[in-house]
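Please look at the two chains shown here and work through them with a few questions. Each answer reasons step by step before it settles on a value or a name.

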Amino acid sequence: MSANRLSRQLKNLRSGLAEHYRIITSNRLSAFGFWIIILFVVVAIFAPWIAPHEPWEMVYDRDGNFASLRPPSWQFPVGTTHLGYDLFSQLVLATRTTLLIGATSGLISIIIGANIGLVAGYYGGKIDEVLMRLTDILYGMPFLPFIIILISLFGRKLEFVILAIILIIWRTSARVIRAQTIAIKQRQFIAMAKARGCSDFRIIYRHILPNVLPLLLLYAAFNIAWSIITEASASFLGFGDGETISWGGMLYELWLSGKTRVAWWWFATPSICIVLLVTSLVFVSRAYEEVANPRLRKR
Amino acid sequence: MTKTATPEPLLSIRNLGVVYSTSQGPVHAVSNISFDVHANEVFGIAGESGCGKSTLIRSLLRLLPDNGRMDAGLCQYKGQDLTAMSDEAFRKNILWQEISLVPQSAMASFNPVHRVGDQIIESILAHRDISRAEARERSAGLFDVVGLQSDLMNSYPHEFSGGMRQRAMIAMSLSLDPGLIIMDEPTTGLDVLVQERILRRIREIRAEIKSSIILITHDIAVIAEMSDRIAIMYGGEVMEQATAVDMFENPHHPYTLGLKNAFPSIRDIGSELISIPGSPPTLVGPLTSCPFAPRCPFNLDTCHQANPESINIGTSHQVRCIRTADAKQFRKLAREKSTWRS
């Protein structure tokens, strides 16, 4: 019996994943975004094996000359910095940092946002009032100054960058999930669940949550994208983790070097990576947006 | 059909009222409701739309919206005072376990994202300490009782037809052997053939289970067919309450007479239906007159001055009307179309 159940659940999981794959590949742009993300994830996982050098290791060309500010070539596919660091290695290793920050803060923020939205929307009244005013206060916080102050207080550590992003970014998802929860809780099957004696916990997480899931996935993708952008901005301003290489951090070093006008390859590559990854996430989220709001499909 | 009344009723309600606070002032959706439901009995509540039937059951199940407030002189189930019970205790011990519901629209009453069977299993597991497999077996048995194949349990609600969903809803209401099942218009929105099948199923189930049923409907024919005792509601109050036989052979309230007229009988095919002119009261503010007086063809000045008390006529027949003495004459007049012209 339990083996039966396990196989049934596995089947459910497989059909569930197949369904998500179908949603994502249903239009060309989101399919493109999906494969770009997969590519970045693979690079992030195997980064230490792909990168030929350490991020802050001075490199020399085949003739033994110090490779400073070299444009892209066969040996240095994306060129080098003025201090002779290999940009390709930096780029590959930074993918890891960026995806780590993006995934962690994106996912934690959607979990916080979803829970606050569900609880506020379901209970209404005073609970709603308190949680939503808290959200409003966060809306009043300017994004970058908040992160800059937090980092200056606690230090340039990866954890604090992630924490700062999470603290700010959940606000939009909380609002949207709350609105959707209020709409769903009016439906007859929620009253029926109450009549059946379901606890509030059960109604929220088993009856409402699955019904807001498309929206939740949409905002999960948004949150990840925003986390990546925020991390890049913070790092570019010098408030990233100094010990870990990131795309924004690479741009920060370029700025410090003062070689922006000379080394086009230095600013082009991390910028392209940021834009490509964020755009891919937005493309994938578009596919979920169509599920959450079918009217978009007809356009 | 006749039952000997047991001394201790299953559900006992005295002076139940529900007030909704709205921007237009308090709306007395339900007031002065008193009735008993005995063990193994079908108690029918009939009335037109907006008469407070649904509000009444929502208040019994504590499903009133936030602006609704219920107060009752007495609300006793199996000797327990329900009004004194905390929400948590009510949810754990009464809801579904003792009082279950077959809702108005089975179409919208299943969560679209879960399988039908899983929702029934969920209601069992929420109250009983048994394994999932046992709950599954029990649900399959219930599907059998309502005449659905048990492999349909793995379907989603949208894969069911209206009649199937209604039957699944009835299966769900039976899942914990409740003492009382409230059926809120169980056949509304279904076509006549499906209606008939559902009613037959309910009748068959009645023979098998011990539960009492409160049957709420605006369909006089359904209620006449199914109920042991009937209450006729109008304007949030019970106008007349009697055994089914009494209600149809010996009706007293002018509203009951009008309601009976409004439904076709097989015997007088071709004759025009007689309807009651006017529309139900808005119920803003407490009632200061008989709620039916403005539409009643037999009203007197006194009808507009005070809301009449319920009067006992016979052992289990109550009427809220001051002119019960003239009932025999009313019955004759009510059959004339000219009587009901406003």
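The questions below concern a predicted model, and they go from whole chains to single strands and residues.

Q: How many helices and how many strands does the secondary structure of chain A come to?
A: Read along the sequence, chain A follows the pattern α-α-α-α-α-α-α-α-α-α-α, in which every element is written as a helix. The secondary structure of chain A therefore comes to 11 helices and zero strands.

Q: What percentage of the 299 residues in chain A is buried?
A: The C-alpha atoms of chain A fill a box of roughly 80 × 45 × 45 Å along the principal axes, and residues 24 or more positions apart account for 70% of the contacts in chain A with a separation of 6 or more. A residue is buried if 20 or more other C-beta atoms lie within 10 Å of its own. In chain A, the share of residues that are buried is 43%.

Q: What is the radius of gyration of chain B, and which value would a compact globule with 342 residues have?
A: Chain B holds 10 helices and 13 strands, and its C-alpha atoms fill a box of roughly 65 × 50 × 45 Å along the principal axes. A compact globule with 342 residues would have a radius of gyration near 20 Å, and the value for chain B agrees with this, being 21 Å.

Q: Which helix of chain B gives the most residues to the side that touches chain A?
A: Where the chains meet, 19 residues of chain B are in contact with 14 residues of chain A. Both α2 (87–94) and α3 (116–127) of chain B supply at least two residues of the side that touches chain A. The element that gives the most, with three residues, is α3(B).

Q: Which class, nonpolar, polar or charged, has 11 residues on the side of chain B that touches chain A?
A: That side of chain B is made up of the 19 residues in contact with chain A. By class, it has two charged residues and six polar residues, while the class with 11 residues is nonpolar.

Q: Which residues of strand β5 (residues 74–77) of chain B point to the face where the side chains are buried?
A: The side chains alternate along β5(B), and L74(B) and Q76(B) point to the face where they are not buried. On that face, Q76(B) stands opposite S12(B) and also opposite D81(B) in β6(B). The residues that point to the other face and are buried are C75(B) and Y77(B).

Q: Which residue in the turn between β5(B) and β6(B) has a positive phi?
A: Strand β1 (residues 11–22) of chain B is joined to β5(B) by four bridges and runs antiparallel to it, and β5(B) is in turn joined to β6 (residues 80–81) by two bridges, again antiparallel. β5(B) and β6(B) form a hairpin with two residues between them, and the residue in the turn with a positive phi of about 50 degrees is K78(B).

Q: How many of the six residues of strand β9 (residues 212–217) of chain B are buried?
A: From β9(B), S212(B), I214(B) and I216(B) point one way, whereas I213(B), L215(B) and T217(B) point the other way, and all are buried. The strand is largely enclosed by the rest of the structure, because the number of its six residues that are buried is six.

Q: Through which helix does the chain cross from β8(B) to β9(B)?
A: Strand β3 (residues 42–46) of chain B pairs with β9(B) in the parallel sense over five bridges, with V42(B) opposite I213(B). β8(B) and β9(B) also pair in the parallel sense over five bridges, and here L180(B) stands opposite S212(B). The β-α-β crossover from β8(B) to β9(B) is right-handed, and the helix is α6 (residues 192–208) of chain B.

Q: Is D177(B) buried or exposed?
A: D177(B) lies in the loop between α5 (162–173) and β8 (180–184) of chain B, and it has a positive phi of about 50 degrees although it is not a glycine. A residue is exposed if 12 or fewer other C-beta atoms lie within 10 Å of its own. Because D177(B) has 11 other C-beta atoms within 10 Å, it counts as exposed.

Definitions and conventions:
Residues are numbered from 1 along each chain as its sequence is written. Chains are lettered from A and ligands numbered from 1 in the order in which they are written. The radius of gyration is taken over C-alpha atoms; the globule rule is 2.2 Å times the number of residues to the power 0.38. Two residues are in contact if their C-beta atoms, placed from the backbone, lie within 7 Å. Ala, Val, Leu, Ile, Met, Phe, Trp, Tyr, Cys and Pro count as nonpolar, Asp, Glu, Lys and Arg as charged, and the others, Gly among them, as polar. Two strands pair if DSSP finds at least two bridges between them. A crossover is right-handed if, with the strands pointing away from the viewer, the path from the first strand over the helix to the second runs clockwise.
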